[in-house]
Amino acid sequence: MIPSPSISAISLGPLTIHFYALCILSGIAVAMWWATKRWEARGGDGDTLFDIVFVAVVAGIVGSRIWHVLTSPEPFFGPGGDPLAVLYIWQGGLAIYGGVAGGALAVWLMARHKGVSFTALADTIAPTLLIAQVLGRFGNWFNQELYGPPLDTWWAWNVTCVTNGQTLGGCEPGTYHPTFLYEQLWNLVGIAILLLLSRRYQWAGGRVFWAYVAIYSTGRAWIDAIRTEPVLMVGPLRIHTLVAIVMALVGIAVFVVLTHRKQQRGGEVVAADGSFELPAQTEGNAPDEDEVEKSGTPPSGPALDPGPGS
């Protein structure tokens, strides 16, 4: 069985370091490193990307917390709730869809400010979001949260409900479906699919991002459906399950539309400046770009990205 950790934080004098936060930060760091490699392969500047991602991370954390509070309001505003706990993000409670929405809005605004292609940014960052989510989900393991129904098998998660010598409120000891692990494995599969197919079929023009949305949401729909923590319900469905189903369908639909538009336009945005042609390839390009020099036929003169979804 998968054991539960005995601690979720360490204290260094007056400073308490929460492992949940370390997992989130490690995911951001690895994603940033990988995104920088991919962005530079598209002719972008690493410092520009850092500025954009820094703002996007802050906006993403705020957006993810807002979405979590809106969809699970009882611990904060219900009977016996603590409104100040809205600020306690180290205790868990960051919802990915709110994070992606907040981060995407920030990236769009920053792309406009920096004069780079939002579309190329979205395609660059998409696979790196999955690796950030893989590492971030270890935070749920440390916090012993977001598990599924009871399970009696060798891969069950043995939840003790005790961390740092204290009992977790609202937690029932037992063996459960390790939904954090299911999502990690699904995200790793998603990375492989994105890299293999985007290289094989030369996806660009926002299609890598919307493929990410479709792939992640498909897995999230069935994984969230078996989670047991209280959440807002829409009929028989958990709100996160419903949103995942809708986003999977939207991702597929937008991908199809963008594919059709590429055929009509004779190409699609692939480079950091919004053009249809990548700069000369150099050693160290991302796996889905290392043998691709062009995406479609470039138009006469540079085709600048007019805005989101282009």
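## A walk through the aromatic pairs and helix crossings

Start with the aromatic side chains: there are 15 aromatic pairs in this structure. Keep in mind as you click around that the model is predicted.

**Stop one: Y147 and W157.** Select Y147 and W157 and zoom in on the rings. They make an edge-to-face aromatic pair, with 6.1 Å from centre to centre and 85 degrees between the planes. Now colour by secondary structure. Y147 sits in the loop between α6 (138-143) and β3 (157-159), while W157 belongs to strand β3, so the pair ties together parts that are 10 residues apart in sequence. Switch on a surface if you like: Y147 counts as buried because its relative accessibility is 12%, under the 20% cut-off. W157 is buried too, at a relative accessible area of 0%.

**Stop two: from W157 on to F180.** Keep W157 selected and add F180. Here is another edge-to-face aromatic pair, this one at 4.8 Å centre to centre with 65 degrees between the planes. Which parts of the chain does this pair link? Strand β3, which holds W157, and helix α7 (residues 179-201), which holds F180; the two residues are 23 apart. F180 has 5% relative accessibility and so counts as buried.

**Stop three: a cluster and a charge.** Next, select Y97, F209, W210, Y212 and Y216 together: these residues form one aromatic cluster. Then jump to R200 and Y201. R200 lies over the face of the Y201 ring, 4.9 Å from the ring centre.

**Stop four: α8 against α9.** Hide the side chains and show helix α8 (residues 207-225) with helix α9 (residues 239-265). Their axes come within 7 Å and cross at roughly 160 degrees, which makes α8 roughly antiparallel to α9. What lines the contact of α8 with α9? Its residues divide into 15 nonpolar, 6 polar and 4 charged. As for the hand of the crossing, α8 and α9 cross in a left-handed way.

**Stop five: α4 against α5.** Now swap in helix α4 (residues 96-114) and helix α5 (residues 118-136). The axes of α4 and α5 come within 11 Å and cross at roughly 150 degrees. Is this pair roughly parallel or roughly antiparallel? With an angle over 145 degrees, α4 and α5 are roughly antiparallel to each other. Check the hand here as well: α4 passes α5 in a right-handed crossing.

**Stop six: W39 and S8.** Two single residues to finish. Find W39 in helix α1 (residues 19-41). Buried or exposed? W39 counts as buried, at 0% relative accessibility. Draw a distance from its C-alpha to that of I52, and you should get 12 Å for two residues 13 apart along the chain.

Last, go to S8, in the segment before β1 (9-12). S8 is buried, with a relative accessible area of 10%. Stretch one more distance line, from the C-alpha of S8 to the C-alpha of R238: these residues are 230 apart along the chain, and the line should read 28 Å.

How values were computed
Residues are numbered from 1 along each chain as its sequence is written. This is a predicted model: local features need pLDDT of at least 70, side-chain atom pairs count only at pLDDT 80 or more; totals for chains, interfaces and linings use all residues. Side-chain values use heavy atoms; hydrogens and water are left out. Rings of Phe, Tyr and Trp (its six-membered ring) pair if their centres lie within 6.5 Å; planes under 30 degrees apart count as stacked, over 60 as edge-to-face and the rest as tilted. Helices (H or I, at least four residues) and strands (E, at least two) are DSSP runs, numbered from the N terminus. Buried means under 20% relative accessible area, exposed over 50%, partly exposed in between (1.4 Å probe, protein chains only). A charge sits over a ring if NZ of Lys or CZ of Arg is within 6 Å of the ring centre and within 35 degrees of the ring normal. Axes are lines fitted to C-alpha atoms, for helices over the stretch in contact, and angles run from 0 to 180 degrees between N-to-C directions. Angles under 35 degrees count as roughly parallel, over 145 as roughly antiparallel, 65 to 115 as roughly perpendicular and the rest as oblique. A crossing is left-handed if the near helix is turned anticlockwise from the far one by less than a right angle, and right-handed if clockwise. Ala, Val, Leu, Ile, Met, Phe, Trp, Tyr, Cys and Pro count as nonpolar, Asp, Glu, Lys and Arg as charged, and the others, Gly among them, as polar.
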